[in-house]
Amino acid sequence: VLTSPDELAYYGTDRCRDAWAVDPSVVVLPADAQQVIHVMRSCHDAQVAVVPSGGRTGLAGAATATQGELVLSLARMNKILELDAN
């Protein structure tokens, strides 16, 4: 869980640099699918908005947290666990 202003500013947006303010409340970095499920269920139960963050390479601002959302970063989920060649 990340809460420092520098970390929030970094993870709170993609590569888009527009006029809106970046304002996430917290960043979480789950390590596996079960942790993602737990975070999403908890956010749903608490009615907390979530902004998913993958590679953060978008240029449209779609991964920008502007209203205190929780940022769900998938940065730690960076391994191929299985490959189906079909």
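Helices (H or I, at least four residues) and strands (E, at least two) are DSSP runs, numbered from the N terminus. The exercises below apply this definition and others to the structure shown above. The structure is a predicted model, in which local features need pLDDT of at least 70 and side-chain atom pairs count only at pLDDT 80 or more, while totals for chains, interfaces and linings use all residues. Residues are numbered from 1 along each chain as its sequence is written, and side-chain values use heavy atoms, with hydrogens and water left out.

**Exercise 1. The elements and the sheet**

Task: State how many helices and strands the protein chain has, and describe how the strands are arranged.

Solution.

Step 1. The protein chain has 2 helices and 3 strands. Read from the N terminus, the elements follow the pattern α-β-α-β-β.

Step 2. Two strands pair if DSSP finds at least two bridges between them. The 3 strands form an open sheet in the order β1-β3-β2, with parallel pairing. At its edges are β1 (26–28) and β2, each of which pairs on one side only. Neighbouring strands are turned by 25 degrees against each other on average, direction ignored; axes here are lines fitted to C-alpha atoms, for helices over the stretch in contact, and angles run from 0 to 180 degrees between N-to-C directions.

Step 3. Between β1 and β3 there are 3 bridges, and between β2 and β3 there are 4. On the β1 side, V26 stands opposite L70 and V27 stands opposite V71. On the β2 side, V51 has V71 as its bridge partner in β3.

Step 4. Helix α2 (residues 33–46) lies across β1, β2 and β3 and runs at about 165 degrees to β3. Contact means heavy atoms within 4.5 Å.

**Exercise 2. The buried interior**

Task: Determine what share of the protein chain is buried, and which residues make up the largest nonpolar core.

Solution.

Step 1. Buried means under 20% relative accessible area, exposed over 50%, and partly exposed in between (1.4 Å probe, protein chains only). Of the 86 residues in the protein chain, 33% are buried.

Step 2. A nonpolar core is a set of buried Ala, Val, Leu, Ile, Met, Phe, Trp, Tyr and Cys residues joined through side-chain atoms within 4.5 Å. The largest one has 8 residues: L2, L8, Y11, V27, L29, V51, A65 and V71. A second, separate core of 7 residues includes V26, V39, L70 and L72. In soluble globular proteins, nonpolar side chains tend to be buried together.

Step 3. In β3, L70 and L72 point one way, V71 and S73 point the other way, and all are buried.

Step 4. S53, in strand β2, is buried because its relative accessible area is 1%. Leaving out residues up to four places away in sequence, S53 touches Y11, V71, L72, S73 and L74.

**Exercise 3. Two threonines in loops**

Task: Locate T13 and T64, classify each as buried or exposed, and identify the contact between their side chains.

Solution.

Step 1. T13 is in the loop between α1 (5–11) and β1, whereas T64 lies in the loop between β2 and β3.

Step 2. T13 counts as buried because its relative accessibility is 6%. T64 also counts as buried, because its relative accessibility is 9%.

Step 3. A polar contact is a pair of N or O atoms within 3.5 Å; within protein, one must be able to donate a hydrogen and the other to accept it, and residues adjacent in sequence count only if both atoms are side-chain atoms. The side chains of T64 and T13 make such a contact at 3.0 Å.

Step 4. Apart from neighbours within four places in sequence, T64 is in contact with G12, T13, D14, W20, V22 and V51. For T13, the C-alpha atom is separated by 9.0 Å from that of P24, 11 residues apart along the chain.

**Exercise 4. An exposed loop residue**

Task: Explain why Q67 is classed as exposed, and give its distance from S25.

Solution.

Step 1. Q67 lies in the loop between β2 (50–53) and β3 (70–73).

Step 2. Q67 is exposed because its relative accessible area is 68%.

Step 3. Q67 and S25 are 42 residues apart in sequence, and their C-alpha atoms are 8.2 Å apart in space.
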